[in-house]
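Please keep the model open in a viewer, with a selection box at hand, and follow the stops below in order. Each stop says what to select and then what is found there.

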Amino acid sequence: MIVLFLSGMVAMIMLRTLYRDISKYNELETQEEAQEETGWKLVHGDVFRPPSNSDLLCVYVGTGVQFFGMILVTMMFAILGFLSPSNRGGLMTAMLLLWVFMGLFAGYASSRLYKMFKGSEWKKIALRTAVMFPGIVSAIFFVLNALIWGQKSSGAVPFGTMFALVFLWFGISVPLVFVGSYIGSKKPAIEDPVKTNKIPRQIPEQAWYMNPAFSILIGGILPFGAVFIELFFILTSIWLNQFYYIFGFLFLVFAILIVTCAEITIVLCYFQLCSEDYLWWWRSYLTSGSSALYLFLYATFYFFTKLEITKLVSGALYFGYMLIASYAFFVLTGTIGFYACFWFTRLIYSSVKID
């Protein structure tokens, strides 16, 4: 309730401020003051300049879309009662299969963005989208599995299953990403609402609180705070062998997470544009994505306070899996933040008159 109330307030304040800004900018056109513009309208010629490492951003956004789709559909199934939480394997299998089929959307999202950045080699982006995130996760997973094998434990993933996973990845996921990318690259590129200048303008000296590192770290606190309580129950259900049944509530928490990610990123992006810093592409992704850092710190805290794990291998397993979870959370929240900002900047710049 508190989070919903707060986010409603933030949205109201933002709407009023923006409305005032836009009407002020549009009135200025009639007067002579139009020469001395201030605030976010000043950077309209640079706001849609493609960022550095734009290829990597496309890949990460595509992966985030894939992840978002997977989580959303899994939760729908769980709420409707198709997936029983007492059958652990069922949930995991469903998530993996959904991940594989959501590759279509990943390819589409990354190639649309890539085309907007005037990129021409969509095949390269498709390949990176298909391989990067699963590759990193598989590498960590393989190391962890090798550790369990070394302990001669029955918990190790057998070779046949490993082979099946690789087949799912390269046999189904990769082709689907390519199909999605192909469809995306055939669509007309997304048009920017304002023209980009040839020469990038200089960014003025920023105040200490607008420092990228500081604002990125601040941005992660709110989304993490939104899922913080639920996280305790999820961790307990994973590591202390209890069952997790309240999927309806989890869905609500997920909705709140989306709203908080979007809002904190939009607010910080607005402040950033007002202080004439137009490098928002990566900032928007990292602002909400930094909540994954807090997730990992909380997992560490949980390890030392709630779990009685003494063996080195067990500890390594815990942190390995939590690292994968945090990385996935980073990609998910970052993408939500990015799309929120993307929509926001296009909205505000298309609603002011620019000569």
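Throughout this tour, a residue is called buried when its relative accessible area is under 20%, exposed when that area is over 50%, and partly exposed in between, with a 1.4 Å probe and protein chains only. The model is a predicted one, in which local features need pLDDT of at least 70 and side-chain atom pairs count only at pLDDT 80 or more, while totals for chains, interfaces and linings use all residues. Residues are numbered from 1 along each chain as its sequence is written, and side-chain values use heavy atoms, with hydrogens and water left out.

**Stop 1: a buried ion pair**

Select D277 and R283, whose closest N and O atoms are 3.5 Å apart and which form a salt bridge, that is, a side-chain nitrogen of Lys or Arg within 4 Å of a carboxyl oxygen of Asp or Glu. D277 counts as buried at 6% relative accessibility, and R283 is buried as well, with a relative accessible area of 8%.

**Stop 2: a salt-bridge network**

Elsewhere, D55, E121 and K124 are joined into one network by salt bridges that share partners. A search of the whole structure finds 5 salt bridges. Select K124 and D55, where the closest N and O atoms of the salt bridge are 3.5 Å apart. Because K124 lies in helix α5 (residues 122–150) and D55 in helix α2 (residues 54–79), the pair ties together parts that are 69 residues apart in sequence; helices here are DSSP runs of H or I with at least four residues, strands are runs of E with at least two, and both are numbered from the N terminus. Now add E121, whose side chain meets that of K124 in a salt bridge at 3.5 Å, N to O. K124 is partly exposed, with a relative accessible area of 37%, and E121 is also partly exposed, at 43%.

**Stop 3: the start of the chain**

Which residues does UniProt list for "signal peptide"? The unreviewed entry gives residues 1–19, with the caution that UniProt annotations may be inferred rather than shown by experiment, and that positions follow the numbering used here with shortened feature names. In the model, residues 1–19 are 95% helix and 0% strand, and their end C-alpha atoms are 27 Å apart.

Select M1, which lies in the segment before α1 and is exposed, with a relative accessible area of 80%. M1 and I256 are 255 residues apart in sequence, yet their C-alpha atoms are 9.7 Å apart in space. Then select I2, F5, L6, M9, M12 and I13, which make a nonpolar surface patch of about 650 Å²; such a patch takes residues with over 30% relative accessible area and no salt bridge, joining nonpolar side chains (Val, Leu, Ile, Met, Phe, Trp, Tyr) within 5 Å and like charges within 9 Å, with areas from the Shrake-Rupley method and a 1.4 Å probe, where for residues only the protein chains shown count as cover. I2 lies in helix α1 (residues 2–28) and is exposed, with a relative accessible area of 65%.

**Stop 4: straight and bent helices**

How far apart are the end C-alpha atoms of helix α8? For its 28 residues (247–274) the separation is 40 Å, which agrees with the 40 Å that they should span at 1.5 Å a residue, the expected span being 1.5 Å times one less than the number of residues. Just after α8, E276 takes a positive phi of about 60°.

Move to helix α7 (residues 212–239), where 28 residues again have an expected span of 40 Å, but the end C-alpha atoms are only 36 Å apart. Centre the view on F228, where α7 has a kink of about 50°, the bend at a residue being the angle between axes fitted to the seven residues ending there and the seven starting there. After α7 comes N241, whose phi is positive, near 60°.

Helix α6 (residues 159–186) has end C-alpha atoms 40 Å apart, in agreement with its expected span of 40 Å. A kink of about 30° nevertheless lies at S173 in α6, shortly before the proline P175. Among the buried residues of α6 are W169, S173 and V177.

**Stop 5: a contact across the chain**

Finally, select Y302 in helix α10 (residues 291–306), which counts as buried at 1% relative accessibility. Y302 and F232 are 70 residues apart along the chain, and their C-alpha atoms are separated by 8.3 Å.
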